[in-house]
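Q: Could you take a close look at the salt bridges in this one? I'd like to know which parts of the chain they tie together, and whether the partners are buried or exposed.

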Amino acid sequence: MKVVILAGGFGTRISEESHLRPKPMIEIGNMPMLWHIMKTYSNYGLNEFIICLGYKGYMIKEYFANYFLHLSDVTIDIANNNIDIHRSNAENWKITLVDTGVGTQTGGRIKRIHKYLANDKVFCLTYGDGVTNVNINELIQYHESQNKLATLTAVQPPGRYGSINIDNDKVESFKEKQRGDGGWISGGYFVVSTKAIDYITDDTTIWEKEPLEELANSDNLAAFKHSGFWYAMDTLRDKIYLNDLWEKNEAPWRVWES
């Protein structure tokens with residue numbers, strides 16, 4: 001099964017970083033967010049990726065074109081224009097990088113890569129800015145059991161702030177960030193039938209609006225509830241938080257080492 005990753009947006013809410021690089025290339029623990037997402041899928045045996053490029057997409061192409069150089073010991077013989085790779089830790093990935101347009105909306109990007117799914121009935125789909133410890137195999141099995149055209153992973157995002165208990169103007173205790181209001185939201189990490197692409201009109205279609213709404217209205221959208229870790233990197237504060245988890249060896253999405 002192929003994995004489609006939407007990696008073409010402008011990332012305006014984290015403009016401190018995204019003015020230099022695409023949002024999925026912002027680093028967590030010295031590796032791009034995109035790498036973390038791909039490692040999660042690879043942990044479950046999914047190693048074929050289609051990445052939808054847009055804003056500064058050439059940077060993602062250059063990164064993977066030089067992937068061996070990033071992760072290997074090399075000797076560079078400048079006089080003879082030769083590079084010897086001595087040690088490689090490269091993953092068993094096959095990556096198709098597709099320019100889906102700078103201004104194309106999320107649905108339009110999916111429609112543009114339809115031809116690369118010509119031999120597939122089902123594919124995984126996610127965004128290039130969210131990490132999770134969802135069990136991808138269980139998600140796929142759940143989708144297959146529901147007989148729907150699409151399944152989304154429903155998550156309960158954490159609250160933005162911690163809380164304090166106050167008694168007679170005295171702080172009694174602090175509480176870590178709790179879950180938000182208890183409501184469920186879409187965390188991405190979809191499993192989608194290629195037939196669902198027919199619900200997308202053109203480049204202006206936003207996947208999260210008309211297609212998903214129409215799928216829901218026609219009883220073709222299932223929700224896989226995930227109560228574990230999920231976090232989207234929308235702001236610089238989110239990047240700092242995720243980096244802190246990684247550096248402390250407390251990153252729940254690091255499932256490939258568990």
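A: Here is a walk through the salt bridges, pair by pair, with a short stop at a surface patch. Keep in mind that this is a predicted model. The count comes to eight salt bridges.

Let's start with Asp120 and Lys2, whose closest N and O atoms sit 2.7 Å apart. That pair links distant parts of the chain: Asp120 is in the loop between helix 5 (106–112) and strand 8 (122–127), while Lys2 is in the segment before strand 1 (3–7), 118 residues apart. Asp120 has 17% relative accessibility, so it counts as buried, the cut-off being under 20%. Lys2, at 14%, counts as buried too.

Next up is Lys39 with Glu91, at 3.4 Å between the closest N and O atoms. Here helix 2 (residues 33–42), which holds Lys39, is linked to Glu91 in the loop between strand 6 and strand 7 (94–99), 52 residues apart. Both Lys39 and Glu91 are buried.

Then there's Asp203 and Arg112, with 2.6 Å between the closest N and O atoms. Asp203 is in the loop between strand 14 (190–193) and helix 7 (210–217), and Arg112 is in helix 5, 91 residues apart. Asp203 is partly exposed at 29% relative accessible area, and Arg112 is partly exposed at 37%. Besides these pairs, Lys23, Asp129 and Asp234 are joined into one network by salt bridges that share partners.

As for the surface patch, Phe68, Leu69, Val74, Ile76, Ile78, Ile83 and Ile85 make a nonpolar one of about 660 Å². Helix 4 (67–71), strand 5 (73–77) and strand 6 (82–87) each give two or more residues to that patch. One of its members, Ile83, lies in strand 6 and is partly exposed, at 44%.

Terms used
Residues are numbered from 1 along each chain as its sequence is written. This is a predicted model: local features need pLDDT of at least 70, side-chain atom pairs count only at pLDDT 80 or more; totals for chains, interfaces and linings use all residues. Side-chain values use heavy atoms; hydrogens and water are left out. Patches are made of residues with over 30% relative accessible area and no salt bridge: like charges are joined within 9 Å, nonpolar side chains (Val, Leu, Ile, Met, Phe, Trp, Tyr) within 5 Å. Accessible areas come from the Shrake-Rupley method with a 1.4 Å probe; for residues, only the protein chains shown count as cover. A salt bridge is a side-chain nitrogen of Lys or Arg within 4 Å of a carboxyl oxygen of Asp or Glu. Helices (H or I, at least four residues) and strands (E, at least two) are DSSP runs, numbered from the N terminus. Buried means under 20% relative accessible area, exposed over 50%, partly exposed in between (1.4 Å probe, protein chains only).
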